[in-house]
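Open the model in your viewer and keep the selection panel at hand. This tour goes from one selection to the next and says what is to be found at each stop.

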Amino acid sequence: MAYLFTSESVSEGHPDKVADQISDAILDAMLAQDPESRVACETMVTTGLVVVSGEITTNAYVEIPDVVRETIKKIGYNSDHYMFDSESCGVMVALHSQSADIAQGVNEGEGVDKEQGAGDQGMMFGYATNETPEYMPMALAFSHRMVKELAKIRKEESHLMPYLRPDSKAQVTIEYSDDHKPMRVHTVVLSTQHDPFDEEEAMLKKINEDVRNILIPRVIPAELLDENTIYHINPTGKFVIGGPHGDAGLTGRKIIVDTYGGKGAHGGGAFSGKDPSKVDRSAAYAARHIAKNLVAAGIADEILVQVAYAIGVSKPVSLNINTYGTAKVDMSDVALAEKVSSIFDMRPKALVDRLKLKNPIFSDTAAYGHMGRENYKKEVEMLLVNIEEDENIKKEIRTKETKALEFFTWEKLDYVDKVKAEFGL
């Protein structure tokens with residue numbers, strides 16, 4: 001019997017995503033100067049106000065209000081009509097250093113376990129499926145594409161939909177066959193913030209037409225849409241009041257949007273604002289890396305990887321794999337997990353090194369999902385601090401240079417050949 005599954009995504013202008021982007025921008029600014037920075041940065045945004053709090057230990061010097069304002073400006077909140085804009089919002093900063101009790105368990109050579117330990121206890125999940133090119137659940141992949149393309153239109157092709165404002169949400173329902181294959185798009189829901197219109201009826205008609213004729217054809221294959229597909233476009237009516245003025249935003253409140261849209265599982269830990277010593281983030285990326293490479297290698301059509309840690313301990317307490325009965329190898333999921341443990345080193349230091357997570361690469365993750373993104377390189381400006389001695393007087397020299405950094409390393413299919421060789425495929 002056919003069944004339905006739904007996932008949602010939100011745009012970079014959604015208040016929770018504004019908070020996530022600010023937290024990750026602060027993290028990146030610190031990692032650019034000091035790769036050993038310990039950062040747990042939480043942000044709250046509301047009408048005309050940003051509050052930054054948390055625990056940070058670093059040798060970097062960052063003008064946090066400047067980072068906050070630049071991030072808000074980049075998103076598109078640059079008008080006082082939004083009741084939240086980069087020029088006039090207040091910025092409160094309440095940060096202190098990381099707990100020494102936690103630090104001794106994470107620092108290599110300290111604590112009971114002399115290796116670098118996990119920054120917290122907990123379980124993290126990675127998931128992959130072959131139902132889309134990005135190895136992501138179809139409902140979430142289409143939802144991400146919709147809000148991302150809407151932002152692109154707003155910023156680069158504003159003449160097409162000149163009324164768009166930064167806040168938006170998308171939701172897609174996929175109809176699956178009884179053998180779990182996606183058949184069609186059942187329902188599309190989209191709410192986008194917009195400028196005021198003189199007539200509400202004309203406004204709704206215009207937005208509905210533009211979404212169906214301009215946006216959706218760009219992001220959802222036509223063969224998955226039919227005359228029975230249901231559309232709900234701005235279903236509450238007008239959506240002028242939005243962003244942090246419409247709702248307060250908090251870091252880490254969109255963890256399902258950030259991962260797999262409700263497919264697989266989630267350990268509960270948020271990502272944004274956390275440096276890679278926090279396994280909530282780094283191990284979730286590493287688990288995704290495993291799941292994606294296993295599916296791409298043909299081990300199974302769908303895979304969920306769970307890894308768990310004890311705070312301050314380097315070796316994971318467990319690694320579990322679920323293939324949902326789709327395995328293509330003659331091996332139990334338990335045996336598969338044992339094999340995977342020998343291929344992928346999941347100690348915190350090893351996975352951070354493998355995925356190059358001490359680089360300032362996290363701002364790009366803070367909207368449109370941390371998983372299912374394209375791996376790429378780009379030039380990033382980094383501040384370098386050098387100490388020179390001149391007649392026994394130390395002099396600090398601060399210089400800037402650009403480096404080509406690799407982003408979304410956990411999306412690389414760099415272990416496919418090794419997995420195939422290990423499994424004799």
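Begin by selecting His180, whose place is in the loop between strand S6 (164-176) and strand S7 (182-194). Bear in mind from the start that the whole model is predicted. If you display the backbone here, you will find that His180 has a positive phi of about 70 degrees although it is not a glycine. Most residues other than glycine have a negative phi. Is His180 buried or exposed? With a relative accessible area of 53%, His180 is exposed, because the cut-off for that word is over 50%.

Next, select Tyr368, which you will find in the loop between helix H10 (348-355) and strand S12 (376-390). Tyr368 also has a positive phi of about 70 degrees, and it is not a glycine. Its surroundings can be described by its accessibility: Tyr368 has a relative accessibility of 8% and therefore counts as buried, since buried means under 20%.

Now turn to the interior, and select Ile22, Ile26, Val50, Ile299, Ile303, Tyr309 and Leu357 together. These residues belong to the largest nonpolar core, which has 78 residues, and they are the ones that touch the most other members. Add helix H8 (residues 279-296) to the selection, for this helix gives the most to that core, with 10 residues. Then clear the view and select Leu215, Leu224, Tyr231 and Ala367, which are among the members of a second, separate core of 31 residues.

Finally, select the whole chain and colour it by secondary structure, so that you can go through its 11 helices and 13 strands. The C-alpha atoms fill a box of roughly 75 × 60 × 35 Å, taken along the principal axes. How does the radius of gyration of the chain agree with that of a compact globule, and what are the values? A compact globule of 425 residues would have a radius of gyration near 22 Å, and the chain has 23 Å, which agrees.

With the chain still selected, consider how its residues are arranged: buried residues make up 53% of the 425. Among the contacts with a separation of 6 or more, 72% come from residues 24 or more positions apart. If you switch to a surface display, the chain exposes about 18,800 Å², of which carbon and sulfur atoms supply 49%. As a last step, colour the charges, and note that the mean positions of the 47 positive and 67 negative charges are 2 Å apart.

Conventions
Residues numbered from 1 in each chain as written. Predicted model: local features only at pLDDT ≥ 70, side-chain atom pairs only at ≥ 80, totals over all residues. Heavy atoms only, no water. Helix = DSSP H or I, 4+ residues; strand = E, 2+ residues; numbered from the N terminus. Rg over C-alpha atoms; globule rule 2.2 N^0.38 Å. Buried < 20%, exposed > 50% of the residue type's maximum accessible area, 1.4 Å probe, protein only. Contact = heavy atoms within 4.5 Å. Areas by Shrake-Rupley, 256 points an atom, 1.4 Å probe, with all protein chains shown as cover. Lys, Arg positive; Asp, Glu negative; His and termini not counted. Charge placed at Lys NZ, Arg CZ, Asp CG, Glu CD. Core = buried A, V, L, I, M, F, W, Y, C linked by side-chain atoms within 4.5 Å.
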